[in-house]
Amino acid sequence: MSASTDRPRVPRPRRADTTSAAGIGDAVSRVPLAHGDGGRQRIGNQTVQLLLRAGRVPTGVLLEHRSAVGNRVVLGVLQAQRRTPAASASSWASRRTAVRTARARGDDREADRLTRQAIAAAATGATYPAAIPRRLPTPDDILLDPMTKADAHAQTRPKEIPAHPTDYWRWLSFTPQLIAGSEAQVQSVITHELVHVAQFTAIWNAYEKDTSPGRPSWDEFLKPHQARRRVEGPEELQAHATSLDFLDRLAPGEQVVALRGLFSSFVATVAYVPPAGEAVAITAAEVGPKILTYFRGTGTTMRQRMGSALWWSLMDVGPAKATFVAVLTTLRPVALAGYADPALRPVYDDLLAAEGIGRTSWR
Ligand SMILES: [Zn+2]
């Protein structure tokens, strides 16, 4: 969901994920995604040092070009963070092993075939939005795209719709590396993309209804629906909100990725001001209570993970002060769970001070 700011000529694909699993090169070379006015969201060396001392670097976002931290140190920290225990069902584990074995002997064709089979099988555990027909895919329906970066998991590509208007599996592509994660993650990713399928189906139906001679091209028609703030805000939040149902079954590292996606799109949705007449896909007021209900029902470890992911997302999105405060107060128990971490609290205090947010405005 953190694609480039370039406005491509073709409709922008929607992605399942944040860029939080980016490689080390990305981690040290990327500047924060949103700086706010005059770069006031910029996180500098001091913050990085604090995070390293605390043993935790929020992956991929905070390290700037001017960071004094050496690549090797950062690499070590990030690798330690990425050890994700595999806790999958044995049938999924054996599918994964079979793919890995085929890949290792250079038989990519067989590895891809087995991967398509595994993803198609996982789709039986996905949730289908009411607005689209539930159509289970065959392995041949699953399109793998090695060009879909591993951190994006999957894409919904609206430019494919005119050629296959009713066959939505043709609109989706998956990274072959999806097999490396848990089966629950695949189910969650498919569920996420099916929300985008429903969103694009509604847009396509509206386009089909327009029979006027001056009807624009599909690409042109899509443009207002592809506005970056809209796509990264409510459209993405509607898709990410589905991950709450899968969180308990994800591996810890996958939970972090899912939570960052959820909270980043939540922050972007709070900040989003729709143009007059636009019906938003979902509001923060709808999703906030669901997040809090889940939070109240979960254990200490997950609460801490949620708190940490919320602060990460605030730093990642870098919203204006009013949005920052609105998110902290709306999700106050989650924010407090993150703030309770003594190692990271100084970082958050720095951030709040930089924003001019006093304790009385949210705690
Ligand atoms: Zn998405």
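**Close-up views of a predicted model**

**View 1. Surroundings of Q177, in the loop between strand 3 (172-174) and helix 6 (183-209)****.** In this predicted model, the loop that joins strand 3 to helix 6 contains Q177. Q177 is partly exposed, since 16 other C-beta atoms are found within 10 Å, a count that lies between the limit of 12 or fewer for an exposed residue and that of 20 or more for a buried one. K149, which is 28 residues apart from Q177 along the chain, has its C-alpha atom 8.7 Å from that of Q177.

**View 2. Surroundings of M306 in helix 11****.** M306 belongs to helix 11 and is buried, with 25 other C-beta atoms within 10 Å, where 20 or more suffice for that label. When neighbours within four places in sequence are left aside, the residues in contact with M306 are L259, F295, V334 and A337. The C-alpha atoms of M306 and R260 are 8.5 Å apart, although 46 residues separate the two in sequence.

**View 3. The buried and exposed residues of helix 12 (residues 321-330)****.** T323, F324, V327 and L328 are the buried residues of helix 12; seen down the helix axis, these residues fall within an arc of 135°, and therefore line one face of the helix. A322 and T329, on the other side of helix 12, are exposed.

**View 4. Packing partners of helix 12****.** The buried residues of helix 12 pack against four helices, namely helix 9 (252-271), helix 11 (300-317), helix 13 (332-339) and helix 14 (345-355). Among these partners is helix 11, the helix in which M306 is placed.

Methods:
Residues numbered from 1 in each chain as written. Predicted model: local features only at pLDDT ≥ 70, side-chain atom pairs only at ≥ 80, totals over all residues. Helix = DSSP H or I, 4+ residues; strand = E, 2+ residues; numbered from the N terminus. Arc of directions from axis to C-beta. Contact = placed C-beta atoms within 7 Å.
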